[in-house]
Structures are given as C-alpha cells and as structure tokens.
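Visitor: Please take a close look at one part of this model: the helices and how they pack. Keep it brisk.

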Number of protein chains: 2
Amino acid sequence: MLTDACPTASRTPADPRTRIVAAAERFFREIGYQKTTVADIARALGMSPANVYRFFESKKAINEAVVGTLIGELEAMIHAIADERARPAADRLADVIVTMHRRSLSLFRDHPRMQEMIEAAMTESWSVCQHHIARIGAVIATVIADGIAAGEFAPTDPERAARCVHAAILRFCHPVLVIKADAAFMPTLDEMTAFLLAALRAKAPE
Amino acid sequence: MLTDACPTASRTPADPRTRIVAAAERFFREIGYQKTTVADIARALGMSPANVYRFFESKKAINEAVVGTLIGELEAMIHAIADERARPAADRLADVIVTMHRRSLSLFRDHPRMQEMIEAAMTESWSVCQHHIARIGAVIATVIADGIAAGEFAPTDPERAARCVHAAILRFCHPVLVIKADAAFMPTLDEMTAFLLAALRAKAPE
C-alpha cells in the first residue's frame, strides 16, 4: 500500500476511470510497472479487481491511459505557451522546448521507476506512443507556422521543420535518454535551441 | 559453436587480443552478450579461458574492447570522408551523417542481439562509451571548422556546433533508437541533414 494520498481523492466525484489511472500512475512511479498488479490498484481504490476490469481490459490498457494522461498534461502545457500569440514565435518555441525538457526530467529522472512504465508502453503500445508524439509535434508545427507567417522564420513546410526540431531535441526529452545527464559531448539545451532557431531563421539554400 | 569462420583466421598472425575481440563480437552478434561466456570465446579460438584472462580481466573488459573496435572502424570511415578536403564541407558532413546512420542500421537493426552488447556497455562502461562518442564528435567538428574557414558556414564555435549536430542526429545513429524505423513524426535523414546545414550556414542572430 502506498502511503501518500491518492491525488484524485479530494476531487470527488472523480469518475472511476480517472481514479484508476491516477492510482496506477502512482504505483508505476513508486513501485514500478512490473511489480504493480491490477489487484494492487483495485485495493488502493477500495474496488474489486473485477470492477477495474469493467473499465480496462488489462494492465496494458491502464498503462496506455496513464501514458495518454501524461502526454495530455504536457500537451496542455505547451498548447498554453503556443497560444501566447503576442509573443515572438522564437520565444514561444524556446519555452516549449524547455518545458518538454523539464517535464521529462521531473517525470523520469526524478522517478526512475517510471522507466519501466515507459519501456512497457514503448514495447507493448508503440502505436499509442506514436500517436501522442505526433500530437506534441503538431503543437510545435503551429508555433513554427506562426513564425513563418510573422516573417520571423524563413518560408518552409512547418510540419517538416517541426519534425526536424522534434527529432533534434530527442536527447533532452526522451524518457530513456534524458536521464543520462552526464553525457559528454552534449550541447546545453540553450545551445541546441539557439542552433535550431538559426536553422528556422535561415533562408533555404540556393 | 558458431558456424561462420572467424574473421581474423585468415589474417595470421593476428595477435591474441585482436582474435579474442573478433570472436567475442561474433558471439555477441549471433547469440547475444548475456549468453556468451568467456569459455565460449576461448573454445572458439582453441585457447583456455585462463589464456583469455591473461589479456582481458573480465567479459566487461572484452566488451569494452569490442565497443572500441566498432567505434574505431566508424571513426576511420568518417575520418576518410572528413579528409576529402577538395569537397565542400557541407557535402562531407552530409556523407558523415549518412555513414553513421547506415553503420548503425547494419550493426544494430540487422543484428538485433547486438542490442544486449550495447546495453551492457552503456550500463557497465558508460565512461568508455562517452570517450568514443567524443571522438566521433571531434571528427564532425573538424568538418565544420573546415566549412567555417572556407566561408561555407557562418563563423561559430565548431565544437559547439558539432555537439548540436551530433545530438540532433541521435535518432538516426543511436543503437537503441535507430531500430525504431516505424516512428511517426520523424523527418527523413535528408530532411534533417538539410535542416542542420541551414543552421550551419545561417548568420548568427543579431
């Protein structure tokens, strides 16, 4: 049994799906995905396992919902930054990148057992992960499109540029890579952001 | 016992260290790092395990030599490209990047058991891996420095730019990431290379 209060306990009446996902995330964070059982999650919520299975057909399905919630939270954070239309696109893009980096650090470096959850999701539910990654990429693309429209960035395909930016910052955001903070021959996040902004501002090669 | 001939068998007299490393790499590639024992390697070479231990104190030490050999081969390949001074730096850099990508695919995607060897090296011998990564980065930096000297690229710190390029192409070269070839929202290698060259050509932001 975990000691801290269920984060959704105060938000009654939370629907059972939300409560199950919140409890599962807490278990995955503290004891790890492998050791967590559906029975553990049910017990923490005062439910029967059969009741949990009414909402999720498997631990894998619960994990997909956990991943969806985590990515949904990140998406909301970076959407809020992207929507600050009064600010230059370059500033918003830099903020989006730093937000993604800090979020990865707080989720995965500060809670090493979350690695198991992510490895399970990447192995068992790769297409679900891909879907979420694409949604984050779409937010990056909207900021780049804004920058092109404002004349801050050179005209280019914003989707393609977003794919390049997203892939380039993988080292700073990927759940598995972000924890290797001691990497030699690594740029700082500021250096990388400045480099990527230079590419976006650059005229296309003749 | 592996069926194919030891790659060094024809090159006599190979020194015992080289033969041990070549045999170990073959085992790691075909049956995986975990299942390979020092006794397997010794037997394949007609040596006693004690003789292997005269040259390497542990399987970990053998693996470090295997990693060193693989990176040394890659380093030689990209050094040869970097040294083609008559060619534009941009072309050489693009060739270096595509060489690193293809090499990763042929080592890790085409031989999935090599993952174990790399995971062991990254866990047990991270500082050795880092050292090798830095040597690859140094080759990238020399090409960028050439491009700056020739006026192809904007003046900047070539080491810092090389760190950014190296980190940005991680998705295409990292032993673990390169095998996820089905990734959505991924640029092609050509798109990424064009994007990075744009950054290198760009004037520094005012």
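Guide: G151(A) takes a positive phi of about 80°, just after α7(A). The model is predicted: local features need pLDDT of at least 70, side-chain atom pairs count only at 80 or more, and totals for chains, interfaces and linings use all residues. Residues are numbered from 1 along each chain as its sequence is written, chains are lettered from A and ligands numbered from 1 in the order written, and side-chain values use heavy atoms, without hydrogens and water.

Helix α7 of chain A covers residues 126-149 (helices are DSSP runs of H or I, at least four residues, numbered from the N terminus). Its 24 residues should span 34 Å (1.5 Å times one less than the number of residues). The end C-alpha atoms are 34 Å apart, which agrees.

Now chain B. The axes of α4(B), residues 59-82, and α7(B), residues 126-149, come within 10 Å and cross at roughly 5°. Axes are lines fitted to C-alpha atoms, for helices over the stretch in contact; angles run from 0 to 180 degrees between N-to-C directions. So α4(B) is roughly parallel to α7(B) (under 35 degrees). In contact (heavy atoms within 4.5 Å) are, among them, V67(B) and I71(B) of α4(B) with I136(B) and V139(B) of α7(B). By class, this contact has nine nonpolar residues (Ala, Val, Leu, Ile, Met, Phe, Trp, Tyr, Cys, Pro), four charged (Asp, Glu, Lys, Arg) and four polar (the others, Gly among them).

Across chains, the axes of α8(A), residues 158-168, and α10(B), residues 189-201, come within 10 Å and cross at roughly 85°. That makes α8(A) roughly perpendicular to α10(B) (65 to 115 degrees). E191(B), M192(B) and F195(B) make the contact from α10(B). Residues on the α8(A) side include R160(A) and C164(A). The contact's residues divide into seven nonpolar, no polar and three charged.

Notes
Helices (H or I, at least four residues) and strands (E, at least two) are DSSP runs, numbered from the N terminus. Angles under 35 degrees count as roughly parallel, over 145 as roughly antiparallel, 65 to 115 as roughly perpendicular and the rest as oblique.
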